[in-house]
Amino acid sequence: MSSHSAKLVFAGPVGAGKTTAIRTLSDSAPVSTEMPMSEGPMGDKTTTTVALDFSSVQLDDGTPLHLYGLPGQEHFSHMRPLVMEGAVGVLVILPGDSPRIAEECEHWVRSVREINADMGLVVGITRTDISPGFRMGEVRHAVRRSGQPIPIFTFDARSREQTSHLIRALLLSLV
Amino acid sequence: MQTALGWAGHCPPVLRGEPFSFPANADSTHMIRADIAIAALDEDTMQRLRIAASLLAAYRIQARVRDWDGTRCSVLVADHADAYGRQASDIARRRQTPVLLFNAPQHAPAPGVGYADPASVASTLAAALRELLGDKTADAPAPAAPQAAPQAEKAQPPAPSPAAAPERLPAVASTLCRLTTPEFQGRAVDATLRGRTIHIRPAEGRIYAPSLSDLLSARDSLGQSDWTLHAVGDHDSARPAHDGASRSLEAFLLQAAYHSRAHLPDFPPGHYRLSDWPDIGSAPEHIGALKIARALLRGPADAERLGASCEVPPCEVNAALWAYRAAGLLETEGGVGAFTTMEDRPPEGRRLGGLLARIATHFGLSRAF
């Protein structure tokens, strides 16, 4: 990692809230490659990221912190190692209203660890307030199967404070 | 190490909300806390009452005196000759809150009501207060065993085992503390206060209520003792049917514990640890609790070392421990041999420097790095 910049990566399936989280943290509007969804809208979501999202935050001393959002589609999985190269850590963002959230969580955590077993990792779960079937215990159990405990937070990707709290947990888990 | 810290071992007075300071040299390890509300007392009587409250330390009661604001308290002291005092007294008695009355016509003794002469000295007032707060505190070197809550229909937790839950609960145990007893910890519980019910569901990691305002109200009153708790069976433990509000249980308990931290008893001494990160992403205002969670995940620690290592005031450490225990996440470390002293570990914040420290500072972790 260059000492003149740093990188955080947001990963997770389509529609989880990665772009929203990046937009929430950014100093300026992110450069997104949003395109209309080829298979029609998913609820209110009508576009999806087809390459990656990019934005940056300027740290107090002027150093840029780059924020990258990986596309959620599996056919873009070849991009993950490239984008994760040199990253401080990965924030896996998952939709709490997915009926398969525990499996998805295990899949994404494994995917990141297969690329870099030492990569800092946190999981942020959105939309749990509208997800009657969400069970945190199942998600924790799935993560335990894939290794050491990592922070798993339910949060609102539209909240700068809550999204920042994910990053705090990531940094604390690194030491 | 501890002397180098800025918090000097106490919560800021403004957070404690105490009109007077409890003697600094008192051993508060086994103190029972009492919340004394006053209504319509003259300045002279108020001063004697404050002295009396401080004398309760002799009975291992740590009393806080405050103006009555309509909320519940451990005991109300009021002037019966004043209309406001009578009104406060009526409300308190309806709630079965013990009352000490000045200038009241002497009636036959009634349970939960004491009478005091306006000329009573502080020691007499202290004795009257102690009697109203419960005679089980008398002569006890350690906190009294749990008493029945004021209302008869309340769930009464059995005496918890030291390894599983706090060894003793104070006479007026907050609902948050009662959630740490074996009867309720980790179980689906319905909690009701004044007709409003919240549904605690640890398996889901969620808490449900009919509305967001009910959740917020519950968060701010969970430190009180007057909730009715009901552990529900497996067949009743599903998510409640109504379309109400829900949120992270662990964040809710953390915010509730911090809200009532001035009234929580000291967490029992011991070494504790976490196996999972608590879900506190929706409580971002409590950065100290995040540091505590991380320290407990690294290995067993006691409250004092947690405070020193994480640079978090003792009352916040205490609140976090109660919250994590109520959530069913905090584990007791049995063997001292398994304990890794915090001195053996690198001090917080010295292992990351440079760029990562600058990121940490940007996101509000400056004191940790």
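In helix α6 (residues 212-221) of chain B, four residues are buried: Leu215(B), Ala218(B), Arg219(B) and Ser221(B). Buried means 20 or more other C-beta atoms within 10 Å of the residue's own; 12 or fewer is exposed, anything in between partly exposed, with C-beta atoms placed from the backbone. Helices (H or I, at least four residues) and strands (E, at least two) are DSSP runs numbered from the N terminus. This is a predicted model, in which local features need pLDDT of at least 70 and side-chain atom pairs count only at pLDDT 80 or more, while totals for chains, interfaces and linings use all residues. Residues are numbered from 1 along each chain as its sequence is written, and chains are lettered from A in the order in which they are written.

**Around α6 and the sheet of chain B**

The cover over the buried residues of α6(B) includes β6 (189-193), β7 (196-201), β8 (206-209), β10 and α7 (249-259) of chain B. Contact here means C-beta atoms, placed from the backbone, within 7 Å.

Those strands belong to an open sheet. Five strands form it, in the order β9-β6-β7-β8-β10 (chain B), with antiparallel pairing. Two strands pair if DSSP finds at least two bridges between them. β6(B) and β7(B) run antiparallel and are joined by five bridges. Leu193(B) stands opposite Arg196(B) in β7(B). The edges are β9 and β10 of chain B, each pairing on one side only. On average, neighbouring strands are turned by 20 degrees against each other, direction ignored.

Helix α7(B) lies across β7, β8 and β10 of chain B, at about 80 degrees to β10(B). Axes are lines fitted to C-alpha atoms, for helices over the stretch in contact; angles run from 0 to 180 degrees between N-to-C directions.

Edge strand β9 (residues 228-231) of chain B holds Leu229(B). Leu229(B) counts as buried because it has 21 C-beta neighbours inside 10 Å. Its C-alpha atom is separated by 9.8 Å from that of Ile198(B), 31 residues apart along the chain.

**Nonpolar cores**

A nonpolar core is a set of buried Ala, Val, Leu, Ile, Met, Phe, Trp, Tyr and Cys residues joined through C-beta atoms within 7 Å. The largest has 110 residues; Val92(A) and Ala257(B) touch the most other members. Helix α10 (residues 314-326) of chain B gives the largest share, nine residues. At least three residues come from each of two domains of chain B, domain 2 (175-259) and domain 3 (272-368). Domain bounds come from an automatic or database domain assignment.

Beyond neighbours within four places in sequence, Ala257(B) is in contact with Leu176(B), Leu264(B), Ala319(B), Ala320(B), Trp322(B) and Ala323(B). A second, separate core of 34 residues includes Ala40(B), Ala53(B), Ala78(B) and Leu133(B).

**Chain A and the interface**

Chain A has five helices and eight strands. Of its 175 residues, 48% count as buried. Among contacts in chain A with a separation of 6 or more, 68% join residues 24 or more positions apart.

Across the interface, 34 residues of chain B are in contact with 37 residues of chain A. On the chain B side, β10 (245-248), α8 (287-298) and α11 (354-362) give two or more residues. α11(B) gives the most, eight residues. The table splits the chain B side by class. Ala, Val, Leu, Ile, Met, Phe, Trp, Tyr, Cys and Pro count as nonpolar, Asp, Glu, Lys and Arg as charged, and the others, Gly among them, as polar.

| Class, side of chain B touching chain A | Number |
|---|---|
| Nonpolar | 15 residues |
| Polar | 10 residues |
| Charged | nine residues |

Notes
Two residues are in contact if their C-beta atoms, placed from the backbone, lie within 7 Å.
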